[in-house]
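Here is a short guided tour to read with the model open beside you. Take your time, and turn the view as you go.

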Amino acid sequence: MKIATFNIRCDYGQDGPNNFSCRQPLILRRLAAEQPDIIGFQEVLPHVQRWLRTALPGYTVLGCGRSRDYADEAVTLAVRNDTAEILSLDTFWLSPTPRLPGSRYPVQSICPRTCAAAVIYLREWETPIRVYNTHLDHEGAPAREQGLRQILARIRRDRAELPMPAVLMGDFNATPGAPELAPLREPSSFPLRDITADIPLSFHNFGLGQEPSGKIDYLFAGGGLRPERVRCWTDEENGVFLSDHYPICAELQRGEG
């Protein structure tokens, strides 16, 4: 199975030569070359989601905007139709009221945050897996920690009801070792392994770099999934990048656990 996390960058026409319209051909060439089974996008505005559905006819593209009217940015899943199938998809808000659109924690920024939780059937494996795609708050560590604890509680509950392999991915807006990522290391957590541990940089700000560490995008895997190859997509042509983040792609095999 090949899976990728891809912060595609919100498109408000603010990036000059790296505006979304300039990046589209590069994005399509990379996706056509890789053909991941599952892609988790972040920062997907409604018009970008419409473009993905048109530009990726071999994929099912689903996502729910984070605002009260289901507009604004979405964390979106794209699933390759000939190798996988979405059996269920549930978007919930990172807040004390996860079923209330647009809700958020009191300590959070003005931006609501969501998690897309899907059960996806892999045809070659003849088995389903769970995939969780999220984008944690960009301003406050307490909000990131609360959101992460909520997601991990959901993963534990899902696993208790019906165990299956799981992947948690997305833009966490926190570097490795950040205190707000501590819940991932607690014994009570479902054992999720950071399979991107050797990736030194993901947020690069369109080639301008980020110090001391720009690693804020992650793929965690558990339930017997083991990585065979993990890498960033670092495409760049004449100063145009795929995004201000490097997408991270992993090839996974299933094992025991």
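What follows covers the sheets, a cavity and a few single residues.

## The sheet built around β1, β2 and β4

Please keep in mind that this is a predicted model. A good place to begin is an open sheet of six strands with mixed pairing, whose order is β3-β4-β2-β1-β14-β11. At its edges are β3 (59-65) and β11 (225-232), each of which pairs on one side only. From one strand to the next, the twist averages 20°.

Helix α2, residues 46-55, packs on this sheet and touches β2, β3 and β4. The direction of α2 makes about 170° with that of β3.

The strand pairs can be laid out side by side, together with one pair from the other sheet.

| Strand pair | Sense | Bridges |
|---|---|---|
| β1 and β2 | parallel | five bridges |
| β1 and β14 | antiparallel | four bridges |
| β2 and β4 | antiparallel | five bridges |
| β3 and β4 | antiparallel | seven bridges |
| β6 and β7 | antiparallel | eight bridges |

Some individual partners help to set the register. Between β1 and β2, Ala4 has Ile39 as its bridge partner, while Thr5 of β1 stands opposite Ile248 in β14. On the way to β4, Ile38 faces Val79 and Phe41 faces Thr76. From the β3 side, Gly65 stands opposite Ala74 in β4.

## Two covered strands

How many of the residues of β4 are buried? Seven of the seven are, so β4 is largely enclosed by the rest of the structure. Ala74, Thr76, Ala78 and Arg80 point one way from β4, whereas Val75, Leu77 and Val79 point the other way, and all are buried.

Strand β1, residues 2-7, is mostly covered too, with six of its six residues buried. Here Lys2, Ala4 and Phe6 point one way, and Ile3, Thr5 and Asn7 the other way; all are buried.

## The second sheet

Another open sheet has six strands in the order β5-β6-β7-β8-β10-β9, again with mixed pairing. Its edge strands are β5 (84-93) and β9 (193-194), and each pairs on one side only. Within this sheet, β6 (residues 114-122) is joined to β7 (residues 127-135) in the antiparallel sense. One of the matched positions is Cys115, whose bridge partner in β7 is Thr134.

A helix accompanies this sheet as well: α3, residues 141-161, lies across β5, β6, β7 and β8 (166-171). Relative to β7, α3 runs at about 170°.

## A cavity

The count of cavities of 30 Å³ or more comes to one. About 70 Å³ of space lies in the largest cavity. Which residues line the largest cavity? They are Glu43, Arg66, Glu73, Ala74, Val75, Pro112, Arg113, Thr114 and His135. By class, this lining has three nonpolar, two polar and four charged residues. Ala74 and Val75 also appear among the buried residues of β4, where they point opposite ways.

## Asp171

Asp171 lies in strand β8. Is Asp171 buried or exposed? Its relative accessible area is 1%, and it therefore counts as buried, the cut-off being under 20%. Leaving aside residues up to four places away in sequence, Asp171 touches Asn7, Gln42, Thr134, His135, Leu136, Ile216, Asp217 and His245. Among these, Asn7 is one of the buried residues of β1, Thr134 is the partner of Cys115, and His135 belongs to the cavity lining. The C-alpha atoms of Asp171 and Cys64, 107 residues apart along the chain, are separated by 17 Å.

## Two residues with positive phi

Most residues other than glycine have a negative phi. Two positions are worth a look with that in mind.

Gln35 is not a glycine, yet has a positive phi of about 45°. Gln35 sits in the loop between α1 (20-34) and β2, and is partly exposed, with a relative accessible area of 40%.

Phe206 also has a positive phi, of about 55°, although it is not a glycine. Its place is the loop between β9 and β10 (217-222). With a relative accessible area of 15%, Phe206 is buried.

Definitions and conventions: Residues are numbered from 1 along each chain as its sequence is written. This is a predicted model: local features need pLDDT of at least 70, side-chain atom pairs count only at pLDDT 80 or more; totals for chains, interfaces and linings use all residues. Side-chain values use heavy atoms; hydrogens and water are left out. Two strands pair if DSSP finds at least two bridges between them. Axes are lines fitted to C-alpha atoms, for helices over the stretch in contact, and angles run from 0 to 180 degrees between N-to-C directions. Contact means heavy atoms within 4.5 Å. On a 1 Å grid over the protein atoms alone, a cavity is a set of points where a 1.4 Å probe fits but cannot get out, and a pocket is an open set with protein on both sides within 12 Å along at least five of seven lines; lining residues have an atom within 4 Å of a point. Grid points are joined across faces, edges and corners, and a volume is the space filled by probe spheres set on the points. Ala, Val, Leu, Ile, Met, Phe, Trp, Tyr, Cys and Pro count as nonpolar, Asp, Glu, Lys and Arg as charged, and the others, Gly among them, as polar. Buried means under 20% relative accessible area, exposed over 50%, partly exposed in between (1.4 Å probe, protein chains only).
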